[in-house]
Structures are given as structure tokens and as C-alpha cells.
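Me: I am new to this one. Please show it to me, and then I will ask how each label is earned.

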Amino acid sequence: MTSPLNPLTRFITDKANCWQLSEYLSHGGYDGLTRAMEMSADELLDSIKQSNLRGRGGAGFPTGLKWSFVPRGADAPREKYLIVNADEMEPGAFKDRWLLEQTPHQIIEGLLIGGLTLGATQGYIFLRGDYYLAEERLQQAIEECKQHQLLGRDILGRGIQGQAFNFEIHLHSSAGRYICGEETALINAMEGKRATPRAKPPFPQVVGLWGKPTIVNNVETFCNLPHIINFGSDWFKALGKGQDAGTKIFGVSGRVKRPGLWELPMGTSIREIIEHHAGGMCDGYRLKGFLPGGGSTDFLLEEHLDALMDYDEISKLGSRMGTGTIIILDDKYCPVSMVLNLVRFFAQESCGWCTPCRDGLPWAVSLLEKIERGEGEPKDIDQLEDLCDFAAPGNTFCALAPGAVEPLQSALKYFRQDFETHIKHQCCPYHDERVAKKAATAKTQGALNTNRVGGCDE
Amino acid sequence: MTQSYEQLLRILPSNGDDSSQLSPCEIKQLDKLLASAPYPAAVSIDALKLIQQQRGWVSDACLSILSAYIHVSIADLDSVATFYNLIFRQAVGEIVLHPCDGISCDLMGGVEVRAAISQKLHIEPGETTPDKRFTLIPLPCLGACDKAPVMIASKQVYPHLTVRNIAQLIDELEENKK
């Protein structure tokens, strides 16, 4: 097999059964595993380190470095756990669903390689509860693997250094909560508790699930491992166009002609993604701004279109590449309303543990609602800015609140005029032409967003 | 203190309501969960989901019975049950409609679609129709943003909703149920 340019998605074909074992094998699936079984654990970890793979869940932490914190060797705890974070719930992110539904075997292969690297024998997939098709396919893929000696005892019947390689995978379907995506909250959920994040240190790499060393990585991160092992870290590094290595699943949603997902080299320009792959804006709509990496990233503007989708490049512009799924704000949608939707989501999904998040976010929601209703006062903008500061990194227990205020703080910077117009004219200028409709739906709109049937304890 | 399951069975009124006892099928599945967990509390979420799968929602009676069976206090179990979005502590209809209220759907007309559902069924979010057929519970970003606006109902994702096609879709769901 020649080295592919789209390692993660080359398995995804038009065939209805492209997610099954036979299809995966016919495209070179599990070649990474066979190669990994010929390598030592140190060699595997070195390859992952040298590939410069960074976590694809949003934070971009170097995977090899994260894994090197796990105690290894003879003195290390015998039990260690690997967890695939498949709790995709970031607003505007839909990349993991694609990989989960279309390439479940790629995830299993990534887990197996993780097991060989760290000496773990148990892997978990923490799946979002609403991903029913993914659950069905993962379950079937696990069964296929068991039948073909790819999971269970003595995998492939060829030991490593004279010892059988055993590995089991358990699928946990979540009961739904955004905070479960935070790795220590996820571990608490796996232990059957409320998903509140844990204090760090100790880090889960040392004290994680059931108190044992645990690695939690995103679906896409695990999917990269077989290819790094199979084709080498130099090949992987060369895939990226900019500083970062490999490819990335990028996505676009909003008023573009062809919303969707594409596997492209890391460092592809935002303009290429939006204008070429997503087909540009729909007729009659103009680009006003965009969130480059999901709902918890800062807005960027048209002037930033030529920036490269690369962790450091986007950071320099004051935002984050996050999940790599771009959300487009068009010129006909109210920016205050967009921010309100996002902050309301984060307020609702806050676990309630620390004050800036539990009390600060609902406060920001009420101020934004007031402005959107046409009852805003100039001091509300100052208060919103204060709330952004209160929720800044370092003031909160986890990254939820700092992420929640990213779209808010950047909207206050870039779309300040919109906030001021709302306050000055005491109405939403975007909805004004639809005043009649607004009056008719105002009641439902308000209620629509208090969406709980006692499933939540705010 | 956790009461034993047998003790609790004696205390609870047996009014022929099957919710006051675990079915043999539920017990079998719970035992399987318990056997695979390092300690009983670890199965809390899976056990609650299992009960809900059988009964549609988790009533107070279910919670007591489950608490006694898996030896987790009612308070602990309820704190877990109320934390998660997909565990219902109130009765829901036969079909739970989960329209997405994430930003990508709202940018594409999600607000109007949800308003249309409310208008068609005469229920607000969190409410159930009088005939107990539908409950409306919007959920945040369902991860199908390229097909926005979307809704999940009966484990199925319905893409590209409009004010017009949502009414027809609800009619079809109602027909299928009959």
C-alpha cells in the first residue's frame, strides 16, 4: 500500500458495508496492528512522540508527551486503562460521528496499538448516548473482532516477546451531558457518578479510572495511530502543510452551499475550506464572522480567512482551532442571538461545581436575553465583559467556563456595534423586519430553550 | 442505610403495579452489569438507563427498588439520575422528540422548526401531549450540523427539517405508532 494522503477517510467508500471488517481489511486495515506487534513498547511510544501528533479533541496537547506520563515498566501498576472520548457534544462539531459510524475498526485498531504501547489490556469507548447508529456499528465491530481473534485472549495468536497479547474493549453509552467530554468528568461518569471534573493533580495518566493510570483521547486521535505506526512518523509529519503534523477532519456548518466534512492536510487555509470545499456562502448571504473550531472558540472575521488551520496559527489570531469544525455567522443572523444560544448551552451544561460557571454563565444569559429583547442598558456590556474576566482560565475548576465566554468576549470585541445598536434602539435590528412573527413566537422561543423534563437539576 | 431488596418489597404497597418490582429480565441484566463492575455504584448510570429502556422513565418507585437492588442509596442514585439529560425522572410519551437547539441548527432555522412542533402538538418543551404519544425535549447539538436543522426521534436522525416538512413528519410518526 502506498502512503495515502487521506489516511483517516480512505476506508470510507460508497459501499454500504464500508464500516465492516472485510472492507476495512481490504483497504489495509489492521496493517498498523501487525506492524505494532513487531515493535517494542518503547519504539511505539517513540514513533508517536516523533510524529508530533496533537490531541484532536480540541486542546491540541501532544499525544506522545501525554502518554509518556503513564508509569511503565516492571514497577508500574499492572492495570491501566485506555479510553476513547467519543462524547462529541461541542456545538457545531460533527466530525467524530463520521469516524464512529464509518470506521469503527479504525478506532479499535488505534486502541489495540495504545494497549501495546502502554501495556494496557482494557479499553473503553465512552460514546455519546444519542449516537445510536455508531453504538450499533461499534458493537458489531467489536463482535467481528472477537470472532477473528482481533480482541480477547492472545490476539492474532502471535505473542509479543513470548507473551500473549490480550485486550478487551467495553462500550459505554453516556446518559448525556457536555461536561462528560472533560477527561476527569468522563472518568467520574464511567465510575457511575455525577460528571463533575476532578482536581488535578493527580492527573489521570497516573490516577484515573478506578484509581489506575488512564489515558483519555479523542476518537480522531486514536484513529491516527495505526497510520503513524504503519507509514512512519516522517510520513505523518510531511502530511501537514504548516507547523502541525498529519491531516485533520475539518467541517463547515451554517449558510454555506455545501456544508460537510473533509479530511485535509493540517495547515489548510480557512479560505480553502470555506470557499472551495464548502462552496462558499449561500446566495444572498454574506460572511460576517465564524467560529474556527466549534462553539467554545473565539470569533474570527473575513480578514482572517487566509490564516492556516494550525493550532499555533489560530492561537496567534486570538482564537483556537478546537475541533476544526467551522461555524459560519452570516450577515442576516443576529450575533447577539448567536452568542446567546451558545452561552445558554454552556450555562445549561455546566456541572455546577464552581461559581464563575454555575452563577456567572446564567447571569451572562440573562443579560444577553435582556439586550436581545430590546431592554438592554449600556452598563450591561460592561457587566458582560466583567463576567468574561471572572470566567477566565485560572478562575474556574475546568475549561468549560473559559470556553463558554470565548465566543462572547470576541463578539463584544468584533460585533460591539451590534450590541450597541440593540441597546440604542431597544430592539433587535435583525428581527425587526419580522416583528409580527417575533411576537407570535416569542413565547415559544423563550420556553424552547428551557428544555428539561426533570432530567436536569438547575 | 440501604434496605435489602426483599425488605423493600414487603414495605412497598403491592397494588398490582409492575413498577414496584423488578422483572426477571431486568434482574438478569442488572446481575450481568453488577458482575462486570468493580463495585456496585459503578453501574448506577447503566442501571438507570436499563430501567428506563424497559419502562420509559424512572419513577420514584423504580428508584427505590433499584437503589435496594444495587446497594446504592436513593440520594446517591437520584443525584446521578438528575444529573444526566437522557435519564427522565418524569413520565414521557411513547415517542420523545429531540429537536436540536444547537447553534448550527438555529443558524439554519431551528428556532422556527421547534416553534412549528410546539404549534402542531400544542405542547411546550418538557411537556407531553394529552394522549401520551409525544414528549418534546430539545437537546443541544446532535452532531449532524451539515444536515441542519435536525431532530432525533425513536433513535432515528431526521435531517433538513423545515417548518413545512416537520408537520408531515410528525403525522408519519403518529401513523407508525398506531
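What follows is a short exchange about a predicted model.

Me: How do you know how confident the predictor is in chain A?
Reply: Look at the pLDDT, a confidence that runs from 0 to 100. Its mean over chain A is 92. Of the residues in chain A, 94% reach 70 or more.

Me: Which residues of chain A stay under 50 in pLDDT?
Reply: Residues 435-440 of chain A do. The model gives this stretch 1 contact beyond four places in sequence. Residues 442-458 of chain A are also below 50, with 40 contacts beyond near neighbours in sequence. Where pLDDT is low, the predicted coordinates should not be read in detail.

Me: What makes chain A as compact as a globular protein of its length?
Reply: Set two values side by side. The radius of gyration is 23 Å. The globule rule gives 23 Å for 458 residues. The two are close, so chain A is as compact as a globular protein of that length. Its C-alpha atoms fill a box of roughly 75 × 45 × 35 Å along the principal axes. Chain A has 19 helices and 8 strands.

Me: Why is strand β8 of chain A called largely enclosed?
Reply: A residue counts as buried if 20 or more other C-beta atoms lie within 10 Å of its own. In β8(A), residues 325-330, 5 of the 6 residues are buried, so the rest of the structure largely encloses the strand.

Me: What makes β5(A) and β8(A) a pair?
Reply: Strands need at least two bridges between them to pair. Strand β5 of chain A, residues 247-253, shares 3 bridges with β8(A), in the parallel sense. There, V252(A) stands opposite I326(A). Strand β7 of chain A, residues 287-291, pairs with β8(A) too, over 4 bridges in the antiparallel sense. The bridge partner of L291(A) is I327(A).

Me: How many residues does the largest nonpolar core have, and which have the most contacts inside it?
Reply: The core has 183 residues. I83(A), L186(A) and V343(A) have the most contacts inside it. Helix α13 of chain A, residues 335-349, gives the most to this core, with 9 residues. L186(A) touches I83(A), and its other contacts include F126(A), A195(A) and V216(A). In soluble globular proteins, nonpolar side chains tend to be buried together.

Me: Where do the domains of chain B lie?
Reply: Domain 1 spans 5-81 and domain 2 spans 95-177, according to the domain assignment. Their centres, taken over C-alpha atoms, are 31 Å apart.

Methods
Residues are numbered from 1 along each chain as its sequence is written. Chains are lettered from A and ligands numbered from 1 in the order in which they are written. This is a predicted model: local features need pLDDT of at least 70, side-chain atom pairs count only at pLDDT 80 or more; totals for chains, interfaces and linings use all residues. Two residues are in contact if their C-beta atoms, placed from the backbone, lie within 7 Å. Domain bounds come from an automatic or database domain assignment. A nonpolar core is a set of buried Ala, Val, Leu, Ile, Met, Phe, Trp, Tyr and Cys residues joined through C-beta atoms within 7 Å. A residue is buried if 20 or more other C-beta atoms lie within 10 Å of its own, exposed if 12 or fewer, and partly exposed in between; C-beta atoms are placed from the backbone. Helices (H or I, at least four residues) and strands (E, at least two) are DSSP runs, numbered from the N terminus. The radius of gyration is taken over C-alpha atoms; the globule rule is 2.2 Å times the number of residues to the power 0.38.
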